[in-house]
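Reader: I am new to this one, so could you walk me through it and tell me how each label is earned?
Author: Gladly; here it is.

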Amino acid sequence: MPILTVTTWPTLGDEKSQLLIEKLTDVVHETTGAPLDKITVLIQEVPQSRWGEGGVLGDNPEFPTLSRRKHKAG
């Protein structure tokens, strides 16, 4: 049955994680008709120092800008 994996930085906290799991479960149940007890949601939390976009680590202070580059400088 459906298994959903959400990969994110460890910023959600327990309350938001619980809400996300509930809402994703509801959407999958309503959309596919899968029984609630057969829907699995996993939240993988990856530290920002182990997450990169555009060749830039997530914990780099300039991440919001550098990770959106289309081309490497130089």
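Reader: How much area does the chain expose, and what share of it do carbon and sulfur atoms supply?
Author: The chain exposes about 5,700 Å², and 54% of that comes from carbon and sulfur atoms. Such areas come from the Shrake-Rupley method with a 1.4 Å probe, and for residues only the protein chains shown count as cover. This is a predicted model, where local features need pLDDT of at least 70 and side-chain atom pairs count only at pLDDT 80 or more, while totals for chains, interfaces and linings use all residues. Residues are numbered from 1 along each chain as its sequence is written, and side-chain values use heavy atoms, leaving out hydrogens and water.

Reader: Which helices and strands does the chain have, and in what order do they run?
Author: The chain has 2 helices and 4 strands, running β-α-β-β-β-α from the N terminus. Helices (H or I, at least four residues) and strands (E, at least two) are DSSP runs, numbered from the N terminus.

Reader: Why does Thr-8 count as buried?
Author: Buried means under 20% relative accessible area, exposed over 50%, and partly exposed in between (1.4 Å probe, protein chains only). Thr-8 has 18% relative accessibility, so Thr-8 counts as buried. Thr-8 sits in strand E1.

Reader: And what makes Glu-22 partly exposed?
Author: The relative accessible area of Glu-22 is 38%, so Glu-22 is partly exposed. Glu-22 belongs to helix H1.

Reader: Which residues does Thr-8 touch, not counting those up to four places away in sequence?
Author: Thr-8 touches Ile-43, Gln-44, Glu-45, Val-46 and Trp-51 on that count, where contact means heavy atoms within 4.5 Å.

Reader: How many aromatic pairs does the count come to?
Author: The count comes to 2 aromatic pairs. Rings of Phe, Tyr and Trp (its six-membered ring) pair if their centres lie within 6.5 Å; planes under 30 degrees apart count as stacked, over 60 as edge-to-face and the rest as tilted.

Reader: Why is the pair of Trp-9 and Trp-51 called edge-to-face?
Author: The ring centres of Trp-9 and Trp-51 are 5.8 Å apart and the planes stand at 75 degrees, so the pair is edge-to-face. This pair links distant parts of the chain, 42 residues apart: Trp-9 is in the loop between strand E1 (3–8) and helix H1 (13–32), and Trp-51 is in the loop between strand E2 (40–45) and strand E3 (52–53).

Reader: Which residues form the aromatic cluster?
Author: Trp-9, Trp-51 and Phe-63 form one aromatic cluster.
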